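Got the structure open in your viewer? Let's walk through it one selection at a time.

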Amino acid sequence: MAKKYGKKYLAAAEKVDSEKLYTVEEAAALVKDIDFAKFDATVEIAFNLNVDTRQADQQLRGAVVLPNGTGKDQTVVVFAQGDKAKEAEEAGADVVGAADLVQRISDGWLDFDVAIATPDMMAQVGRVGRALGPKGLMPNPKTGTVTFDVAKAVSDAKSGKVTYRTDRDGNVAVPVGKVSFDADKIAGNIKSLSDVILKARPAAVKGAYVKHVSIASTFGPAVNIDLASL
């Protein structure tokens, strides 16, 4: 069944040349111009990569701190004890705990955006892995959320750190700001993220690595980006 689009979406889509590849700067400005949401919509970038995610060495996963932030206030919890718990609290973590935090999550509480843990706490955190994993909240060394440097981890999470990973089809989708951002700030975030994604090219990939890149606001149509402008 063909997908039905509303009048506002169709009006916005008419302003986008689907055959054109826009520069990052042009795309950022256009996405702002055609957004019709009644709230401060998120701008997201989507990469379609030429990777075989069935192969472990072609799965991308990591994190990057966007220079202009995400526009979202992140609620951060930290699994730590002793001096590291105090360090996390001083860094601005919203909730810090050990066995008590594990129990709270086990009881069903998941009202947070980022979970950080010191390595010595991972055995306890593993007990709630089934709750954290599906939500993308499980601490992981690859994203810098399993670390003894909890102060930096909390600071990064609060200042605009985003995680990325390939899905089964080789796509990577990441928020890069809000429609209320200046276009140059959205473009700056895109370029910082793109630099990380491009440098993460798996050695086993043959031929073109990035097949397609586009950005869109929450409800808006996609705007295709010229790879040469990344």
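## Stop one: a pair of strands

Select A46 to begin: in this predicted model, A46 stands opposite S214 in β8. Now widen the selection to residues 42-49, which make up strand β1, and to β8 itself, residues 210-217. β1 and β8 pair in the antiparallel sense, and seven bridges join them. As a bit of background, the strands of a sheet pair through backbone hydrogen bonds, either parallel or antiparallel.

Stay on β8 for a moment. How many of its eight residues are buried? Six are, so that strand β8 is mostly covered.

Next, pick I215 and look across to V223, its bridge partner in β9. Strand β9 is short to select: residues 223-224. Two bridges join β9 to β8, and the two strands run antiparallel. Together, β8 and β9 form a hairpin, with five residues between them.

## Stop two: an open sheet

Now jump to β3, residues 76-79, and add β4 (95-97) and β5 (114-117). You're looking at an open sheet of three strands, in the order β4-β3-β5, with parallel pairing. β4 and β5 stand at the edges with a single partner strand each, so one side of each has no neighbour in the sheet. From one strand to the next, the twist averages 15°.

Zoom in on β3 and β5: four bridges link them in the parallel sense. For a landmark, select V78, which stands opposite I116 in β5.

## Stop three: the helix across the sheet

Keep β3 and β4 on screen and add residues 99-106, which form helix α4. Helix α4 lies across β3 and β4, and it runs at about 125° to β3.

Which residues of α4 are buried? Select L101, V102 and I105. These three cover an arc of only 105° around the axis, which puts them on the same side of α4. To see what the buried residues of α4 pack against, show β3 and β4 along with α5 (122-125) and α6 (129-132).

Now rotate to the face of α4 turned away from its buried side: here you'll find the exposed residues D100 and S106.

One last click: G108, just after α4, takes a positive phi of about 115°.

Methods: Residues are numbered from 1 along each chain as its sequence is written. This is a predicted model: local features need pLDDT of at least 70, side-chain atom pairs count only at pLDDT 80 or more; totals for chains, interfaces and linings use all residues. Side-chain values use heavy atoms; hydrogens and water are left out. Two strands pair if DSSP finds at least two bridges between them. Axes are lines fitted to C-alpha atoms, for helices over the stretch in contact, and angles run from 0 to 180 degrees between N-to-C directions. Contact means heavy atoms within 4.5 Å. Buried means under 20% relative accessible area, exposed over 50%, partly exposed in between (1.4 Å probe, protein chains only). The arc is that of the directions from the helix axis to the C-beta atoms.
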